[in-house]
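Trainee: I am new to this structure. Please take me through a single part of it, up close.

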Amino acid sequence: MNAQQNHEFNPHHKHIVLIAAFTATGNMARLKNALNAGLDTGLTINQIREELVQLYAYCGFPRSLNGITMFMSVLEKRKSEGIQDPEGQLPVTVTGTNENKYEMGRKMLETLTGRPVSGQLTGANAFAPGIDAFLKEHLFADIFGRGVLTYQERELATIAVLASLPGLEAQLQAHLGMGMTVGLTEGQLEQVLGLLENNIGKQQADAGRTVLTKLKATK
């Protein structure tokens, strides 16, 4: 956590961001390079695998599966070259009834947002209660509860996806806020957008900066 008191990424964060962004945008050639670079700087197989699994919730199964398939290819080639990458920590499987998972997800969302999540449903969650159940029981209980990645790392991956794809400003603002709640600094979030400007596009980065400026004005 001490690394988060300044504006510097730890050595893994850059690669978590780029793996997420290239997966979301379907740039397989650059994803291949990012996967190799991530492993070379010490990300474990399970950390990257876990990130790619999580991404399906934000950019869809097809992009996630393509990323996983590319990662399998990268690992096979590295193994053939005699490179032994560490497996790392195994994920935790969350067990329990849907009712229990809903409560786990609600508490997880409170941790990520830093505010109470209770009471009557509003907005899209009230209009379509099924999505509220899926978000809490699956995304925030099943996925965010699996361990392997820290909450900061999971939010970095999520923010990278949402900032790389058009039309997701509301969701991006929510997750920028969650990132700050779990310890990411404004400087680190600006670094994420700088990485996206250099690797995805200025238009996406500027849209993200507009959202971040709006969020900072509410703090």
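Trainee: Are phenylalanine 140 and phenylalanine 144 buried or exposed? Please start there and work outwards.

Mentor: Keep in mind that this is a predicted model. Both phenylalanine 140 and phenylalanine 144 are buried. Together they form an aromatic pair. Their ring centres lie 5.4 Å apart, with 45° between the planes, and the pair is tilted. The structure holds 2 aromatic pairs. The other joins tyrosine 56 and phenylalanine 61, with centres 4.2 Å apart and planes at 15°, so that pair is stacked.

Now stay with phenylalanine 144. The charged end of arginine 154 sits over its ring, 5.8 Å from the centre.

Next, turn to phenylalanine 140 and the largest pocket. This pocket has a volume of about 1100 Å³. It is lined by 37 residues, and Phe140 is among the closest to its centre, along with Leu109, Asn125, Leu135 and Met178. Several helices contribute two or more residues each to the lining: α3 (45–59), α5 (98–113), α6 (123–127), α7 (129–143) and α9 (169–181). By class, the lining has 19 nonpolar, 13 polar and 5 charged residues.

Helix α9 leads on to another site. It also supplies at least two residues to the lining of the second largest pocket, as do α8 (151–164) and α11 (202–218). The largest share, 4 residues, comes from α11. The volume here is about 160 Å³. Among the lining residues are Leu162, Pro166, Glu169 and Gln203. The lining divides into 7 nonpolar, 4 polar and 1 charged.

Technical notes: Residues numbered from 1 in each chain as written. Predicted model: local features only at pLDDT ≥ 70, side-chain atom pairs only at ≥ 80, totals over all residues. Heavy atoms only, no water. Phe/Tyr/Trp six-rings, centres within 6.5 Å; stacked < 30°, edge-to-face > 60°. Buried < 20%, exposed > 50% of the residue type's maximum accessible area, 1.4 Å probe, protein only. Lys NZ or Arg CZ within 6 Å of the ring centre and 35° of its normal. 1 Å grid on protein atoms, 1.4 Å probe; cavity = no way out; pocket = protein on both sides within 12 Å on 5 of 7 lines; lining within 4 Å. Points joined across faces, edges and corners; volume = space filled by probe spheres on them. Nonpolar A, V, L, I, M, F, W, Y, C, P; charged D, E, K, R; others polar.
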